[in-house]
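Trainee: Could you take a close look at one part of this model with me, the packing of its helices and what lies around it? I'd like one connected walk-through rather than a list.

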Amino acid sequence: MSKIKTLLSENNDIPATIPFAFHEGGALFSKEKNIGEATFVEQRFRQSFHCQDLFCYRNPLKDDSLFYGRTSILAECVGRHRAGENTGVFGLRKSGKTSVLYALQRQLDNNESLSILVDCNRFGLNRWNQVLGHIIKEYKRKLGSKVRVAAEEIEYDPKNAQQLFTDDFFRVYESKKSRKALLMFDEIERMTPETGTGSWRSDDDFIHFWHAIRNLTQLHTDKCTYLISGTNPCALESTYWFNRLENPIFQHAKPIYLPSFGFEEMKKMLNEIGFYMGLEFKDDAIYYLLQKFGGHPFLTRQACSGLNKLLSDQSKPILIDNLTWSKHIESSLHHISSYLKLIVDALRFFPDEYEMLKIMVTEGSETFEEYAVNNRELIHHLEGYGIISKTPLGYEIAIDCIRDHLSSKWKYSKRGVSQEEKELELSGRRNRLERNIRKLIKRSLKQSARNRKCNNGDESAMPIDEFCLNRVYRSLTEDRRTRLMNKDYSFDDLLGGQSPLFLLELSSIISKNWVEGFSSFFGEHQKERVRLYLGDINSTEGGGRNDCHAKDISDSDFESVRTKFTYFEELLEDE
């Protein structure tokens with residue numbers, strides 16, 4: 001049974017297993033228990049679930065066991081389908097959109113309708129006529145039809161694909177008991193101009209495809225509707241694509257944004273899942289989580305997963321209160337940092353919204369309000385995501401953890417900083433840059449030495465550290481080389497925390513060893529850019545050096561050197 005416990009603790013995506021040994025047969029059927037205690041069977045259930053982290057589930061939910069909330073959204077989507085109306089479901093990454101589509105499938109496929117789900121991530125590299133053919137084949141499969149359709153015999157020719165698609169749909173529809181179809185398109189951005197992939201991004205595939213879907217659904221609302229899902233409703237709101245082609249589904253479906261969880265929904269989710277894991281959440285802890293994660297169910301569950309790991313050595317059940325969270329919140333935030341980055345970076349596909357968020361964080365609510373006057377649609381999107389909200393004092397970031405993430409991300413984008421702030425920023429960034437470049441040089445030169453040794457097959461070749469040390473020294477001027485060699489530095493010391501090397505010397509090491517050590521990291525043709533940028537950073541007045549005679553840094557020079565720091569920081573962020 002210990003093996004089963006280990007298996008469950010290491011695999012959160014498999015069903016829980018409740019093990020009983022043969023010799024426990026007598027206790028298995030006993031209902032005896034002391035007052036306030038659980039029966040033997042109840043105890044074993046708790047023990048088995050307690051070792052499994054049910055909060056850690058990362059994939060879209062394909063059954064109802066861990067699916068919470070969204071009741072009103074499901075009811076609205078089903079109601080619109082039955083009324084012959086099309087729908088759009090939108091929200092931040094990981095907000096539960098795909099789980100809602102799976103829930104719709106379960107609800108519709110067990111009743112009078114059926115659904116066909118198209119994963120646009122999967123079909124984004126297919127042409128529009130191929131995706132139409134896939135829809136027909138999937139419709140036929142789910143309906144259990146035996147009728148012959150053109151989509152199974154040939155690939156639709158783009159010249160007559162729309163007509164073949166409509167004809168095939170009706171062949172399948174009429175071959176069995178009539179069941180209205182809901183065509184669902186998940187991650188629609190992957191099959192939309194400007195944000196899509198392949199021919200969807202820059203060709204006319206979107207136009208031809210949606211002409212076919214619209215012609216079918218518009219003329220036969222009693223037989224078929226569609227639902228599109230994604231982050232942003234631009235597929236429904238853009239009047240034209242490429243400034244010349246009319247959008248065939250402009251305002252053709254009603255956009256619905258997934259709302260954040262409220263207190264009751266969050267309480268139900270946390271305590272029902274937590275019950276099986278031996279965790280109980282007090283009301284003050286739930287209010288704390290709502291403030292910190294804005295009712296985003298995925299982020300909240302992952303934070304609770306992080307907390308569960310931190311409490312793994314404590315006996316369960318455990319009562320979680322506000323004090324528990326205040327002790328462990330930093331570790332839990334670290335646990336979800338990659339998901340925060342994923343959620344925020346997804347908005348980069350929509351640069352206007354991304355820039356509005358940046359204005360909010362770096363220039364404040366007042367400047368944001370000035371831009372908001374002429375950008376109401378963008379504000380509506382950001383409010384729909386639940387990422388900003390309007391208060392009596394103005395707009396603000398509504399999700400604390402996202403606000404903190406963005407503040408950290410854009411901490412060097414603030415405008416109008418004082419000379420003291422400029423010098424402090426440049427000093428900190430230069431120190432981190434030099435530290436990360438030294439780490440990069442150490443790693444790259446050692447890897448270069450290993451590659452040489454392996455390629456030459458010579459085990460008696462020069463030791464790796466000696467080879468690397470020689471590579472460093474030969475990159476320096478003769479005078480500096482002599483001085484440093486007289487101090488008998490090891491390779492690790494020469495590039496360690498107390499390194500005597502200057503920034504321009506680090507730049508020289510990179511340039512002199514470019515082909516073998518650094519071209520693959522920076523890019524084959526980036527050598528001169530790296531040299532110039534490091535030179536500019538080094539020569540900027542006050543550029544991080546403790547120079548009591550340094551002149552004031554002009555705003556233009558400051559913004560210029562910021563850009564160069566950012567170039568290296570984005571490449572070296574994981575060093």
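Mentor: Let's start with one helix pair, follow it into the core, and then visit some loops and the other helices. Keep in mind that this is a predicted model.

The pair to start with is α7, residues 128-143, and α9, residues 161-175. Their axes come within 10 Å and cross at roughly 5°. With angles under 35 degrees counting as roughly parallel, α7 and α9 are therefore roughly parallel to each other. On the α7 side, the contact is made by Trp 128, Asn 129, Leu 132, Ile 135, Ile 136, Tyr 139, Lys 140 and Leu 143. Facing them from α9 are Ala 161, Gln 162, Phe 165, Asp 168, Phe 169, Val 172 and Tyr 173. Sort that contact by class and you get eleven nonpolar, two polar and two charged residues.

Now follow α7 inward. Phe 209 is in contact with Trp 128, Val 131, Leu 132 and Ile 135, and also with Phe 185, Met 191 and Trp 200, leaving aside its neighbours within four places in sequence. Trp 128, Leu 132 and Ile 135 are also among the α7 residues that meet α9. Phe 209 itself belongs to the largest nonpolar core, which has 122 residues. Along with Phe 185 and Ile 402, Phe 209 is listed there as having the most contacts inside that core. There is a second, separate core too, with 37 residues, and it includes Val 417, Leu 445, Tyr 567 and Phe 568.

A few loops come next. Glu 194 sits between β3 (180-186) and α10 (199-202). Its phi is near 80°, a positive value in a residue other than glycine. Most residues other than glycine have a negative phi, so a positive one is worth a second look. Glu 194 has a relative accessible area of 54%, so it is exposed. Lys 94 also has a positive phi, near 65°. You'll find Lys 94 in the loop between β1 (87-90) and α5 (97-109), and at 28% relative accessible area it is partly exposed.

Thr 221 takes us to the loop between α11 (205-219) and β4 (224-230). At 35% relative accessibility, Thr 221 is partly exposed. Beyond its neighbours within four places in sequence, Thr 221 is in contact with Gly 84 and Lys 180. Thr 221 and Asn 86 are 135 residues apart in sequence but 9.1 Å apart in space, C-alpha to C-alpha.

For a peptide-bond oddity, go to Lys 316 and Pro 317: the bond from one to the other is cis, with omega near 10°. Pro 317 lies in the loop between α15 (297-310) and β9 (318-320).

Helix α19, residues 376-385, is a good example of a covered helix: Leu 378, Ile 379, His 381, Leu 382, Gly 384 and Tyr 385 are buried. The cover over those buried residues includes the helices α12 (234-237) and α18 (351-372) and the strands β7 (254-257), β10 (388-391) and β11 (394-397). Just after α19, Gly 386 takes a positive phi of about 80°.

Further along is Ser 448, in helix α21 (residues 419-456). At 6% relative accessibility, Ser 448 is buried. Its contacts beyond the neighbours within four places in sequence are Phe 467 and Glu 516.

To close the tour, set a second helix pair beside the opening one. The axes of α25 (residues 503-512) and α27 (residues 527-539) come within 9 Å and cross at roughly 175°. Angles over 145 degrees count as roughly antiparallel, and α25 and α27 are therefore roughly antiparallel to each other. Here Leu 503, Leu 504, Ser 507, Ile 510 and Ser 511 of α25 meet Lys 527, Val 530, Arg 531, Leu 534, Gly 535, Ile 537 and Asn 538 of α27. By class, that contact has six nonpolar, four polar and two charged residues.

One last check, on cysteines: a search of the whole structure finds zero disulfides. Cys 224 is buried, with a relative accessible area of 0%, and Cys 468 is buried with 0% as well.

How values were computed:
Residues are numbered from 1 along each chain as its sequence is written. This is a predicted model: local features need pLDDT of at least 70, side-chain atom pairs count only at pLDDT 80 or more; totals for chains, interfaces and linings use all residues. Side-chain values use heavy atoms; hydrogens and water are left out. Axes are lines fitted to C-alpha atoms, for helices over the stretch in contact, and angles run from 0 to 180 degrees between N-to-C directions. Helices (H or I, at least four residues) and strands (E, at least two) are DSSP runs, numbered from the N terminus. Angles under 35 degrees count as roughly parallel, over 145 as roughly antiparallel, 65 to 115 as roughly perpendicular and the rest as oblique. Contact means heavy atoms within 4.5 Å. Ala, Val, Leu, Ile, Met, Phe, Trp, Tyr, Cys and Pro count as nonpolar, Asp, Glu, Lys and Arg as charged, and the others, Gly among them, as polar. A nonpolar core is a set of buried Ala, Val, Leu, Ile, Met, Phe, Trp, Tyr and Cys residues joined through side-chain atoms within 4.5 Å. Buried means under 20% relative accessible area, exposed over 50%, partly exposed in between (1.4 Å probe, protein chains only). A disulfide is a pair of cysteine sulfur atoms within 2.5 Å.
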